[in-house]
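Student: I would like to go through this model with you, one question at a time, and to see the reasoning behind each answer.

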Amino acid sequence: MERFARALPAALLVIPGPGGTVTFIRQLKGPYADNWLLPGGGIEPGEAAAAAALREAREETGIAVRSCSLFAVYEFTGKWEQGGYHLLMFAFLADGAYEMPEGFEGDNVGEIRQARVEDIPMHSTDLRILTDAGLAAYDDETVERALAADGITMHAHRVSSTTRFIAP
């Protein structure tokens with residue numbers, strides 16, 4: 001797939017939900033298709049990473065987050081049926097808890113769910129991301145074992161001070 005022929009810049013948004021839940025989507029396309037993931041996707045040319053995270057979250061979940069903070073950048077590499085991939089993922093955390101709008105059907109999403117992290121079969125990359133966001137507590141050995149089982153190499157570049165981005 002041409003889109004994954006080179007490093008692809010992408011952004012995701014961790015959106016806490018009511019009662020200690022987190023917002024997940026079941027992805028339909030891409031290297032992690034048919035997995036429960038955090039909402040996000042590719043950054044469009046000329047688009048800021050934070051704007052992409054807010055846009056993708058709105059398109060996939062219907063949730064219009066007011067502002068978010070960058071907490072890490074991740075590099076994922078792996079292989080899928082289309083070949084190799086290399087994602088540069090900017091990870092943002094929403095400014096608070098949000099409820100999903102009823103009846104919303106997301107773009108390129110099979111299903112949307114707000115669930116506790118222990119109640120959903122998360123993708124291996126989300127173990128590290130949610131731990132770094134402060135919403136889970138997976139140890140490094142558990143994360144590395146899960147990533148290895150999925151054939152994924154993941155490097156984390158954590159942000160030491162957070163900058164808040166406000167939706168236009």
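What follows is a series of questions and answers on the sheet, the salt bridges, some buried residues and the aromatic rings.

Student: Before we begin, what kind of model is this, and in which order do the strands of the open sheet lie?

Tutor: This is a predicted model, so every value below is computed from predicted coordinates. The open sheet has 3 strands with antiparallel pairing, and β3 (36-37) and β7 (109-115) are its edge strands, each pairing on one side only. Strand β2, at residues 22-27, is joined to β7 by 6 bridges. The order is therefore β3-β2-β7.

Student: Which residue in β7 stands opposite glutamine 27?

Tutor: Strands β2 and β7 run antiparallel, and β2 covers residues 22-27, while β7 covers 109-115. The residue that stands opposite glutamine 27 is valine 109.

Student: What angle does the direction of helix α1 make with that of β2?

Tutor: Helix α1 is formed by residues 49-61 and packs on the sheet, where it touches both β2 and β7. With respect to the direction of β2, the direction of α1 makes an angle of about 75°.

Student: How far apart in sequence are the parts that the salt bridge of aspartate 95 with arginine 66 ties together?

Tutor: The closest N and O atoms of aspartate 95 and arginine 66 are 3.9 Å apart, which lies within the 4 Å limit for a salt bridge. Aspartate 95 is partly exposed at 29% relative accessibility, whereas arginine 66 is exposed at 53%. Because aspartate 95 belongs to the loop between β6 and β7 and arginine 66 to the loop between α1 and β5, the pair joins parts whose separation in sequence is 29 residues.

Student: Why are arginine 145 and glutamate 141 separated by about one helical turn, and at what N to O distance do their side chains meet?

Tutor: Both residues are in helix α3 (residues 140-149), and they are separated by about one helical turn because they are 4 residues apart there. Glutamate 141 is exposed, with a relative accessible area of 57%. The side chains of the two residues meet in a salt bridge, with an N to O distance of 3.1 Å.

Student: Is threonine 61 buried or exposed?

Tutor: Threonine 61 is in helix α1, and its side chain reaches the backbone oxygen of alanine 57 at 2.5 Å and the backbone nitrogen of isoleucine 63 at 3.1 Å. Leaving aside residues up to four places away in sequence, threonine 61 touches several others, among them Ile15, Ile25, Phe104 and Ile112. Its relative accessible area is 0%, and since buried means under 20%, threonine 61 is buried.

Student: How many of the 9 residues in helix α2 are buried?

Tutor: Helix α2 comprises residues 124-132 and is mostly covered, with Ser124, Asp126 and Leu130 among its buried residues. These buried residues pack against β1, β2, β3, β5, α3 and β8, and phenylalanine 24, which is found in strand β2, touches Asp126 and Leu130, among other residues. The number of buried residues in α2 is 8.

Student: What is the arrangement of the rings of tyrosine 32 and tyrosine 85?

Tutor: A pair of aromatic rings is described by the distance of the centres and the angle of the planes. Tyrosine 32 lies in the loop between β2 and β3 and tyrosine 85 in strand β6, so their pairing ties together parts that are 53 residues apart in sequence. The ring centres are 5.5 Å apart and the planes are at 85°, so the pair is edge-to-face.

Student: And what is the arrangement of the rings of tyrosine 74 and phenylalanine 76?

Tutor: Tyrosine 74 is buried at 0% relative accessible area, and phenylalanine 76 counts as buried at 2%. Ring pairs link these two residues with Tyr32 and Tyr85 into a cluster. For tyrosine 74 and phenylalanine 76 the centres are 6.3 Å apart and the planes are at 15°, so the pair is stacked.

Methods
Residues are numbered from 1 along each chain as its sequence is written. This is a predicted model: local features need pLDDT of at least 70, side-chain atom pairs count only at pLDDT 80 or more; totals for chains, interfaces and linings use all residues. Side-chain values use heavy atoms; hydrogens and water are left out. Two strands pair if DSSP finds at least two bridges between them. Helices (H or I, at least four residues) and strands (E, at least two) are DSSP runs, numbered from the N terminus. Contact means heavy atoms within 4.5 Å. Axes are lines fitted to C-alpha atoms, for helices over the stretch in contact, and angles run from 0 to 180 degrees between N-to-C directions. Buried means under 20% relative accessible area, exposed over 50%, partly exposed in between (1.4 Å probe, protein chains only). A polar contact is a pair of N or O atoms within 3.5 Å; within protein, one must be able to donate a hydrogen and the other to accept it, and residues adjacent in sequence count only if both atoms are side-chain atoms. Rings of Phe, Tyr and Trp (its six-membered ring) pair if their centres lie within 6.5 Å; planes under 30 degrees apart count as stacked, over 60 as edge-to-face and the rest as tilted.
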